[in-house]
Amino acid sequence: MKNRPHDAAVVELLKADPEFANEYLAAALEADEPGGQAALLAALRHVAEAQGMAAVAERAGIPRESLYRALGPKGNPTAKTLLAVLGAAGLHLAVTRQDSAHA
């Protein structure tokens with residue numbers, strides 16, 4: 001995987017500063033372009049790796065292998081899985097109205 005050094009650096013940042021996960025995932029959610037879903041899954045995978053993939057999977061009630069697949073480059077997690085992983089990582093999804101400049 002050619003992005004591994006970048007991925008490892010992001011995981012280290014998230015380990016050092018768990019609060020960074022909030023900003024990191026928010027930025028990934030705002031990726032309103034092709035590949036936006038992949039960016040979100042990669043960000044959530046980084047957060048899970050920083051907290052320990054096995055521990056997040058256990059807290060989410062998902063087999064570890066299924067979690068890797070769901071958050072992988074070709075992953076397409078259900079809403080139930082996405083919410084379970086966010087909750088297991090100590091996060092939640094919030095919805096806000098777009099301002100009129102983006103509509």
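How many helices and how many strands does the protein chain have? The count comes to six helices and zero strands, so read from the N terminus the order of elements is simply α-α-α-α-α-α. The model is a predicted one, and its confidence is worth a look before anything else. Across the protein chain the pLDDT averages 87, and 88% of the residues reach at least 70. Among the elements, helix 4 (residues 53-60) comes out highest, with a mean pLDDT of 96, while helix 2 sits at the bottom with 88. As for the chain as a whole, 35% of its 103 residues are buried. Taking contacts between residues at least 6 apart in sequence, 50% of them link residues at least 24 apart.

Now to the interior. The largest nonpolar core has 26 residues, and those touching the most other members are Leu14, Leu25, Val47, Leu67, Leu71 and Val85. Helix 1 (4-16), helix 2, helix 3, helix 4 and helix 6 each put in at least two residues. The biggest giver is helix 3, with seven residues in this core.

Helix 2 (residues 20-29) makes a good place to start. Its buried residues are Ala21, Tyr24, Leu25 and Ala28. They share one side of helix 2, because the arc they cover around the axis is only 90 degrees. The spacing fits a general rule: an α-helix has 3.6 residues a turn, so residues three or four places apart point the same way.

Leu25, placed in helix 2, is one of the core residues that touch the most other members. With a relative accessibility of 8%, under the 20% cut-off, Leu25 counts as buried. Setting aside residues up to four places away in sequence, Leu25 touches Leu40, Ala43, Leu44, Val47, Leu86 and Leu91. One of these partners, Leu44, is 19 residues from Leu25 along the chain, yet the C-alpha atoms of the two are separated by 6.9 Å. Another partner, Val47, is itself listed with Leu25 among the core residues that touch the most other members.

Helix 2 also carries the aromatic pair, and the structure holds just one. The partners are Phe20 and Tyr24, with ring centres 5.5 Å apart and planes at 25 degrees, so the pair counts as stacked. Both residues belong to helix 2 and sit four residues apart, which is about one turn of the helix. Which of the two is buried, with a relative accessible area of 18%? That is Tyr24, whereas Phe20 is partly exposed because its relative accessible area is 24%, above the 20% cut-off.

Tyr24 turns up again in the surroundings of His46, a residue of helix 3 (residues 36-51). His46 counts as buried, at 2% relative accessibility. What does the side chain of His46 join through a polar contact? The partner is the side chain of Asp7, at 3.0 Å. Beyond its neighbours within four places in sequence, His46 is in contact with Asp7, Val10, Val11, Leu14 and Tyr24. Of these, Leu14 is also among the core residues that touch the most other members.

Helix 4 repeats the one-sided pattern. Its buried residues are Met53, Val56, Ala57 and Ala60. Why are they on the same side of helix 4? The arc they cover around the axis is only 100 degrees, which puts them there. These buried residues pack against helix 3, helix 5 (64-70) and helix 6. Right after helix 4 comes Gly61, with a positive phi near 75 degrees.

Helix 6 (residues 79-88) contains Thr81. At 18% relative accessibility, Thr81 falls on the buried side of the 20% cut-off. Not counting neighbours within four places in sequence, Thr81 is in contact with Ile62 and Ala70.

Conventions
Residues are numbered from 1 along each chain as its sequence is written. This is a predicted model: local features need pLDDT of at least 70, side-chain atom pairs count only at pLDDT 80 or more; totals for chains, interfaces and linings use all residues. Side-chain values use heavy atoms; hydrogens and water are left out. Buried means under 20% relative accessible area, exposed over 50%, partly exposed in between (1.4 Å probe, protein chains only). The arc is that of the directions from the helix axis to the C-beta atoms. A polar contact is a pair of N or O atoms within 3.5 Å; within protein, one must be able to donate a hydrogen and the other to accept it, and residues adjacent in sequence count only if both atoms are side-chain atoms. Contact means heavy atoms within 4.5 Å. Rings of Phe, Tyr and Trp (its six-membered ring) pair if their centres lie within 6.5 Å; planes under 30 degrees apart count as stacked, over 60 as edge-to-face and the rest as tilted. pLDDT is the predictor's confidence in each residue, from 0 to 100. A nonpolar core is a set of buried Ala, Val, Leu, Ile, Met, Phe, Trp, Tyr and Cys residues joined through side-chain atoms within 4.5 Å.
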